[in-house]
Structure formats: structure tokens, C-alpha cells
Amino acid sequence: MKYYSTNHQAPEATLEKAVVKGLAEDRGLYMPEEIRPLSKEFFDNIEQFSFQEIAFRVAQAFFGDDIEEEALRKIVDDTLQFDCPVVEVTPDIYSLELFHGPTLAFKDVGARFMARLLQYFIHKQGQDNRLVNVLVATSGDTGSAVANGFLGVKGIHVYVLYPKGKVSPIQECQFTTLGQNITAVEVDGCFDDCQALVKNAFMDQELNRQMLLTSANSINVARFLPQAFYYFNAYARMKAKGKADKLVVCVPSGNFGNITAALFGHAMGLPIHRFIAANNANDIFYQYLKTGQYEPKPSRQTIANAMDVGDPSNFARIIDLYKGDHQRISSLISGATYSDDQIRETMKKCFNENGYVLDPHGACGYRALSEQLQPGETGVFCETAHPAKFKATVEQAIAAEVDIPERLAAFMKGTKQSVACSKDYADFRNLLLNRQ
Ligand SMILES: *Cc1c(COP(=O)(O)O)cnc(C)c1O
């Protein structure tokens with residue numbers, strides 16, 4: 001399958017090129033040229049299939065032209081070594097728990113899938129001895145998902161750049177204690193400095209002649225498309241409960257990769273009645289739905305910080321998918337926006353009334369459903385991270401303790417290893433060249 005750019009000024013790319021390059025030459029985002037509907041037989045029987053089987057069928061529709069069946073099955077099985085259950089919170093609202101992967105956040109699936117896909121292409125070209133360097137700047141969650149997704153993958157080395165003293169200790173230990181092919185780079189600066197270092201490295205032609213560099217952020221097709229698996233699985237599990245008739249799916253959104261994957265699912269025939277995009281105080285999409293105007297703003301810091309995005313990169317994909325038809329977009333998707341106080345209040349209320357502990361991101365999703373669900377509809381919201389990842393904030397809101405899962409505790413016992421770097425590009429460049 002070929003991939004085109006949302007800016008339509010770059011040549012079409014193969015899957016391999018789209019994955020290795022990330023962004024098209026015209027700075028647009030890659031889109032698959034075709035979205036293949038799945039069969040009626042598949043939807044009729046979907047509740048009998050496992051998460052892995054469902055994901056394989058979906059992956060075949062996207063990647064089946066480019067990867068042999070057996071290899072693709074292996075990539076899917078290796079990516080999904082955990083479950084993705086729906087849990088009843090109220091009789092009408094269910095939580096789709098996307099946090100059962102290695103770093104307890106939904107980005108694990110995309111990161112792992114991308115790592116395996118990249119490895120597949122390196123191997124296919126017989127370039128096993130060629131080292132691919134993945135650079136990723138993080139303010140917390142992305143770094144841990146990417147580092148764990150790529151951990152131990154042959155032929156790939158990952159550099160995670162993070163701002164010194166500005167990520168939480170729980171987040172930091174998830175990418176600084178791994179060792180092997182993961183190097184944590186502690187930058188004396190802020191997140192924007194980290195991002196600037198990565199950008200400079202990609203634009204440094206001399207450096208790119210000496211080493212193969214690629215990025216693993218959420219604009220990559222191999223990171224965002226596999227998230228569609230979640231929604232087919234959610235539908236299947238709800239169908240098994242007899243609750244799939246008028247399903248409303250609510251996705252707490254930041255860069256809009258996760259909800260865009262859900263919309264791709266819908267375009268492949270997944271019978272979701274409608275969608276809600278829940279925002280924190282960063283309400284750019286909410287405003288777009290209301291006015292038809294897209295006005296990016298600087299991001300605002302909130303307690304749901306993985307959604308602190310003022311110019312969501314996947315907006316371009318949503319516009320492309322619906323050919324810019326605001327009417328169509330706003331009739332399929334509604335919005336919601338919540339302040340930090342509203343998020344705290346929601347965590348508390350849901351815990352007191354239902355005994356369910358939400359994280360600050362999931363809280364936006366739960367609240368949007370509890371306000372907007374119509375009679376006859378059933379709601380499913382994504383719980384995008386385990387509440388223990390935001391332990392202090394959640395405990396303060398619900399006035400109860402949050403247990404730290406085994407997997408997270410294990411990270412915290414590891415030894416922190418990182419390389420210090422200033423925010424000067426020359427320093428970072430030397431660091432890369434000396435570590436080759
Ligand atoms: C990344 C992230 C989000 C936002 O997802 P997008 O795909 O960027 O919209 C929401 N919650 C958590 C916990 C995240 O890590």
C-alpha cells in the first residue's frame with residue numbers, strides 16, 4: 001500500500017519509507033491511500049475472537065500488502081502480550097483500560113509495533129549489522145513507552161532526551177533504568193530544548209551521512225494506526241455483553257493520534273454510533289468543533305499533562321479523512337473541555353460513587369460521557385494511563401491511597417543511568433558521534 005502526504009506536495013511513499021521517515025518531505029503526515037472495510041462475517045463473529053486475532057485482522061487490512069502473513073502475525077502477537085479489558089464503572093459507562101502494557105499507558109502498543117516493524121524492514125534488507133538510531137524527546141510518557149517498546153530490539157539504538165528535573169521520578173525510572181540499547185540523555189534545559197536538539201539532529205546533513213537517524217513520535221504511521229486495534233476489541237467485548245448497539249466512544253485527546261486511529265476503525269466499518277474527544281484546558285479541537293476555525297495556541301500546563309498540546313499534530317489527518325467537511329466532523333464527533341478543578345472533582349466523585357479510580361486523563365473521558373450520554377446509548381471511555389502513574393495527584397483528589405502495580409515498582413528499584421548533556425546542539429552532536 002502507498003502512503004500520501006496530507007499536504008499533497010510530496011511523492012507517495014512505501015510503508016517502509018513512511019515508517020523510517022516519519023514525516024513526508026512537504027512536512028505533511030502520511031495517510032494510507034486506501035482504507036479497506038472489514039467483512040460482514042468478521043463483524044458478525046467478532047465477539048468470539050481474541051484481542052490478538054482481532055488485531056491481526058485489522059493489521060492485515062493496513063499492512064497485509066507489505067508484510068507476509070506469518071511475519072505480521074508475529075509482530076502483532078509480540079506487541080499484544082497483555083489484555084485490554086472493558087470494565088463496568090456505571091451501568092451505562094465502561095472503562096476501556098489501555099494501561100496493561102509494560103509502562104502502564106496506551107502508547108505501549110504503538111511503540112512496540114513500530115519497533116517490530118522497523119526491525120522487520122532492517123532484517124528484510126539484509127542490513128542487520130546496520131544500526132538505526134531512534135531519537136525521541138519526551139516530557140514523560142512518550143519516552144518510557146518508546147524505550148520499553150524498543151528495548152532489546154537488535155539493530156536499533158534509542159536516545160531518549162528528557163529535561164533535567166522536570167519529569168516525575170516514576171516516569172524517569174521507566175527509561176533511565178533499562179540499559180541495553182537505550183540511552184537516556186538528561187538535558188540541562190526544558191522540554192522544548194530537548195525537542196530542538198532532536199530537530200537539529202534530523203536537519204544536520206553531515207550527521208545524517210554518518211549515522212541513520214529516525215524519530216518515534218506519534219505522527220509515525222506505525223505508531224498511530226495500531227491503536228485502531230483497541231477500538232475493534234472494545235466493540236467485540238461490548239458486543240459480548242449485549243451492549244454494543246449504540247456505542248459512544250470517548251477518547252481523552254492531546255495530539256489526537258489515538259482518536260484518529262479510532263476514526264480509521266469507523267471508516268473500516270466498525271459500528272461505533274458516535275465519538276467524543278475529551279480535552280483538558282487545551283481546548284483547540286473543542287473550539288474547532290464549535291466554530292469551524294482551527295486556531296493553535298501555546299500549550300497550557302495541566303494535571304492531565306500528556307494532553308497538554310496546543311497544536312495537535314493529527315488534526316491534519318482528521319481534516320484529510322473527512323475532506324475538511326466541518327459539518328460531517330462535528331456531527332460524528334463532539335467535544336468537551338475541563339479545568340484542573342473539574343478533573344479533580346471528577347476523580348473524587350467517580351471514586352466515591354462507583355469505587356473506580358480514574359487517572360486525570362481518563363477522568364476527562366468519564367466526565368464527558370456522564371454529561372453527554374443520551375438515553376439508549378452506552379459509553380466507553382479510554383482509561384489511557386494507570387492512576388499510579390499520577391499517584392500524588394490522584395491520591396490528593398480521592399483522599400485514598402493508590403497501590404503501585406508490581407511492574408511499576410520493579411522500575412523504581414532499578415539503577416538510574418543517564419548521560420548529561422547541555423542544551424547546546426554541538427554537545428549533543430558530539431555525544432551521538434562518540435557513542436557510535
Ligand atoms: C499520549 C496520552 C494521551 C493523548 O493521546 P493522543 O493520542 O496524543 O491524543 C492521553 N492520555 C495519556 C495518559 C497519554 O499518555
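The structure holds zero disulfides. It is a predicted model, and the cysteines named here are described as they stand in that model. Cys84 takes part in no disulfide, its nearest cysteine sulfur being that of Cys382 at 8.3 Å. With a relative accessibility of 2%, Cys84 counts as buried, because the limit for that class is under 20%. Cys173 is likewise in no disulfide; the nearest cysteine sulfur belongs to Cys194 and is 18 Å away. The relative accessible area of Cys173 is 9%, and this residue is therefore buried.

**Ligand site**

Around the ligand there are 15 residues, of which Lys107, Gly254, Asn255, Phe256 and Thr384 come nearest. By class, this shell comprises six nonpolar, seven polar and two charged residues. Three of the nearest residues have the polar contacts listed below.

| Ligand atom | Protein partner | Distance |
|---|---|---|
| Oxygen | Gly254, polar backbone atom | 2.8 Å |
| Oxygen | Phe256, polar backbone atom | 2.8 Å |
| Nitrogen | Thr384, side-chain N or O atom | 2.8 Å |

On its own the ligand has 390 Å² of accessible area, and the protein covers 97% of that area.

**Helix α17**

Helix α17 runs through residues 360-372 and has 13 residues. At 1.5 Å a residue the expected span is 18 Å, and the end C-alpha atoms lie 19 Å apart, so the two values agree. The helix is mostly covered, with 11 of its 13 residues buried. Among them are Pro360, His361, Cys364, Tyr366, Arg367, Leu369 and Gln372.

Note on methods. Residues numbered from 1 in each chain as written. Predicted model: local features only at pLDDT ≥ 70, side-chain atom pairs only at ≥ 80, totals over all residues. Heavy atoms only, no water. Near = heavy atom within 4 Å. Polar contact = N/O pair within 3.5 Å; in protein donor to acceptor, adjacent residues only side chain to side chain. Areas by Shrake-Rupley, 256 points an atom, 1.4 Å probe, with all protein chains shown as cover. Nonpolar A, V, L, I, M, F, W, Y, C, P; charged D, E, K, R; others polar. Helix = DSSP H or I, 4+ residues; strand = E, 2+ residues; numbered from the N terminus. Expected span 1.5 Å × (residues − 1). Buried < 20%, exposed > 50% of the residue type's maximum accessible area, 1.4 Å probe, protein only. Disulfide = S-S within 2.5 Å.
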